[in-house]
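Student: I am new to this structure and would like a close look at a single part of it. Please start with one side-chain pair and then place it in the rest of the chain.

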Amino acid sequence: MKSGDDDNGHGTHVAGTAAALDNGIGVVGVAPGARLWALKVLDRNGSGYFADVIKAIDFVTGKAGEIEVVNMSLGGQGTLNSLRSAIQKSVAAGVVYVVSAGNRSKDVYGDDGLFGTSDDFIPAAYPEVAAISALGDYEGTAGGSGETTSDGPDDTLASFSNFSNSVVAGNPVTSSGAAIDLAAPGVDITSTYKDGMYATISGTSMASPHVAGAAALEAATNGRALNAAGVADIRQALIDVAEAQSAWRPEDTNDPDANPEGLVNVASGPPPPPNDAPVVTITSPADGYTPDSGATILFKGTASDTEDGDLTADDLVWTSNLDDEIGTGGSFSTTLSDGNHTITASVTDSGGKTGTASISITVGAPPAEATAVSVFCPADTDCNIGYGGYATTGGKSGDKHLLITVALWDDLDAVVEGASVSIDLYLNSSKIASGTGTTGTDGTVTFTLKNAKSGDFTTTMTGVTAAGLTWDGVTPPNGFNK
């Protein structure tokens with residue numbers, strides 16, 4: 001069995017930033033005295049194999065009942081499905097992964113800016129982890145008034161830190177930093193070191209454990225995550241209380257992208273617990289209910305909330321898309337106007353989250369629905385083919401366009417918008433052209449055919465497709481002619 005002793009110093013430094021005791025000696029971690037697990041995956045030179053990293057992740061997953069947060073101050077470039085899969089399984093077990101963004105001054109998605117390609121910085125690019133960029137902060141307060149760090153002005157993003165220009169769809173949190181969750185101090189960080197020493201080091205490796213410690217405080221105060229949704233809640237809670245980049249310093253923060261991630265903030269204590277939305281249930285009437293016109297209808301429902309408890313009696317509000325508000329509370333009776341109603345019961349908890357439930361009911365005889373579509377000629381065309389302007393391209397100079405306009409109406413005497421229409425054009429009984437078009441808001445479509453020659457023109461409707469309607473197959477009574 002390999003020894004887990006730190007013969008490089010990097011791991012001990014990171015651990016001290018996250019959890020060094022507040023005992024009056026040396027440094028104090030963000031989460032002082034948090035329980036630590038040391039999993040060694042790199043050698044004395046700081047190099048290693050992702051195969052060993054995956055084994056360590058699998059170990060954590062097996063201990064998910066005891067391990068709440070993992071800091072990964074490491075990374076590489078490429079694609080590795082097995083690594084992401086291992087992290088996904090561990091996150092699904094409720095483990096929060098906080099990782100360093102990388103020290104190459106590049107987008108975490110690489111030069112191409114695309115997630116899932118060979119130049120990704122992994123695991124920082126994975127949406128399942130909290131990727132952390134590095135800040136140079138000399139004295140621990142905002143405003144940029146501290147002395148210059150070894151990397152540049154106080155309260156600016158480190159020149160070496162990776163960043164993010166975009167975020168992949170499906171990222172479970174929303175951050176102003178796009179694919180970067182947060183920034184944290186990562187320049188000239190003094191922490192514990194091997195052989196009982198202390199050292200000052202810079203890197204996103206030093207930034208990541210600041211946020212890992214903050215995640216540990218959140219889990220200790222408000223409860224650990226039990227699944228991937230809980231992990232996302234902890235990440236989002238930290239993002240939501242972050243210090244905005246605009247507060248760091250009045251001038252340029254040296255952020256190379258347009259996505260200003262916030263600075264991890266535990267000054268006022270752990271962020272508040274995630275607020276679950278209320279759950280609303282409609283128990284009466286059933287969805288699809290069809291009462292007679294004028295009937296008295298019984299409405300019943302419940303509303304419960306994880307934080308606020310039962311919200312039914314005082315806060316549940318019922319509305320109809322036709323009749324506006326129709327009642328409140330868990331039970332009431334009323335009559336509704338005739339028609340198709342969408343009934344919604346909603347409630348808002350003390351944290352501002354709203355829960356809703358909806359059903360559809362039809363009161364009285366259902367309104368008639370159109371079933372067929374017919375083709376007509378607009379009144380001003382009298383079913384004739386009209387001439388348009390002279391053609392300037394195609395055919396001989398001086399040839400005119402032929403204009404053919406038709407209108408579609410349904411069997412309830414309403415225009416039909418967005419229907420597809422096709423026609424054939426004949427000259428002296430020989431087909432010379434075809435056309436397709438879509439009806440506009442007035443139900444009409446005009447076909448324009450260039451290079452019209454002299455002769456007897458007629459048209460035939462060849463197809464009409466309208467959603468939910470059947471074409472009667474009839475060309476306008478007078479036909480088309482010219």
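Tutor: Start with the side chains of Thr344 and Ser358, which are joined by a polar contact of 3.0 Å. The model is a predicted one, and side-chain atom pairs such as this count only at pLDDT 80 or more. Thr344 belongs to strand S16, which covers residues 339-348. Setting aside residues up to four places away in sequence, Thr344 touches Val317, Trp318 and Thr319, and also Thr356, Ala357 and Ser358. Ser358 thus appears both among the residues that Thr344 touches and as its partner in the polar contact.

Now the chain around this pair. Six helices and 26 strands are found in the chain, and S16 is one of the strands. Of the contacts with a separation of 6 or more, 66% are between residues 24 or more positions apart. Buried residues make up 44% of the 482 residues. The C-alpha trace spans about 100 × 70 × 50 Å along its principal axes. The radius of gyration is 34 Å, while a compact globule of 482 residues would have one near 23 Å. The exposed area of the chain is about 23100 Å², and carbon and sulfur atoms supply 50% of that area. As for charge, the chain has 22 positive and 59 negative charges, and the mean positions of the two sets are 13 Å apart.

A second threonine can be set beside Thr344. Thr200 lies in strand S9, residues 198-201. Its side chain is joined to that of Thr190 by a polar contact of 2.7 Å. Thr200 and Thr190 are 10 residues apart in sequence, and their C-alpha atoms are 4.1 Å apart. Beyond the neighbours within four places in sequence, Thr200 is in contact with His13, Asp188, Ile189 and Thr190.

Ser100 offers another kind of pairing, from a side chain to the backbone. The side chain of Ser100 reaches the backbone nitrogen of Leu74 at 3.4 Å. Ser100 is in strand S3, residues 96-100. Ser100 counts as buried because its relative accessible area is 6%, and the cut-off for buried is under 20%. Neighbours within four places in sequence aside, the contacts of Ser100 include Met72, Ser73 and Leu74. Ala124 and Ile132 are also among them, as are Thr204, Ser205 and Ser208.

Next come some points of backbone geometry. Most peptide bonds are trans, and most residues other than glycine have a negative phi. The peptide bond from Ile122 to Pro123 is cis, with omega near 10 degrees. Pro123 sits in the loop that runs between strand S4 (121-122) and strand S5 (130-136). A cis peptide bond also leads from Ser284 to Pro285, with omega near -5 degrees. Pro285 is in the loop between strand S10 (279-284) and strand S11 (297-305).

That loop between S10 and S11 also holds Asp292. Asp292 has a relative accessible area of 60%, so this residue is exposed; exposed means over 50%. With neighbours within four places in sequence left aside, Asp292 is in contact with Val363 and Gly364. Asp292 and Asp413 are 121 residues apart in sequence, and the distance between their C-alpha atoms is 27 Å.

Two residues have a positive phi without being glycine. For Asp324, phi is near 60 degrees. Asp324 is placed in strand S14, residues 324-328. Its relative accessibility is 57%, and Asp324 therefore counts as exposed. For Asn428, phi is about 50 degrees. Asn428 is in the loop between strand S21 (420-427) and strand S22 (430-438). With a relative accessibility of 46%, Asn428 counts as partly exposed.

To return to the starting point, Thr344 in strand S16 has its side chain in a polar contact of 3.0 Å with that of Ser358.

Notes: Residues are numbered from 1 along each chain as its sequence is written. Side-chain values use heavy atoms; hydrogens and water are left out. Helices (H or I, at least four residues) and strands (E, at least two) are DSSP runs, numbered from the N terminus. The radius of gyration is taken over C-alpha atoms; the globule rule is 2.2 Å times the number of residues to the power 0.38. Buried means under 20% relative accessible area, exposed over 50%, partly exposed in between (1.4 Å probe, protein chains only). Contact means heavy atoms within 4.5 Å. Accessible areas come from the Shrake-Rupley method with a 1.4 Å probe; for residues, only the protein chains shown count as cover. Lys and Arg count as positive and Asp and Glu as negative; His and the chain ends are not counted. The place of a charge is taken as NZ of Lys, CZ of Arg, CG of Asp or CD of Glu. A polar contact is a pair of N or O atoms within 3.5 Å; within protein, one must be able to donate a hydrogen and the other to accept it, and residues adjacent in sequence count only if both atoms are side-chain atoms.
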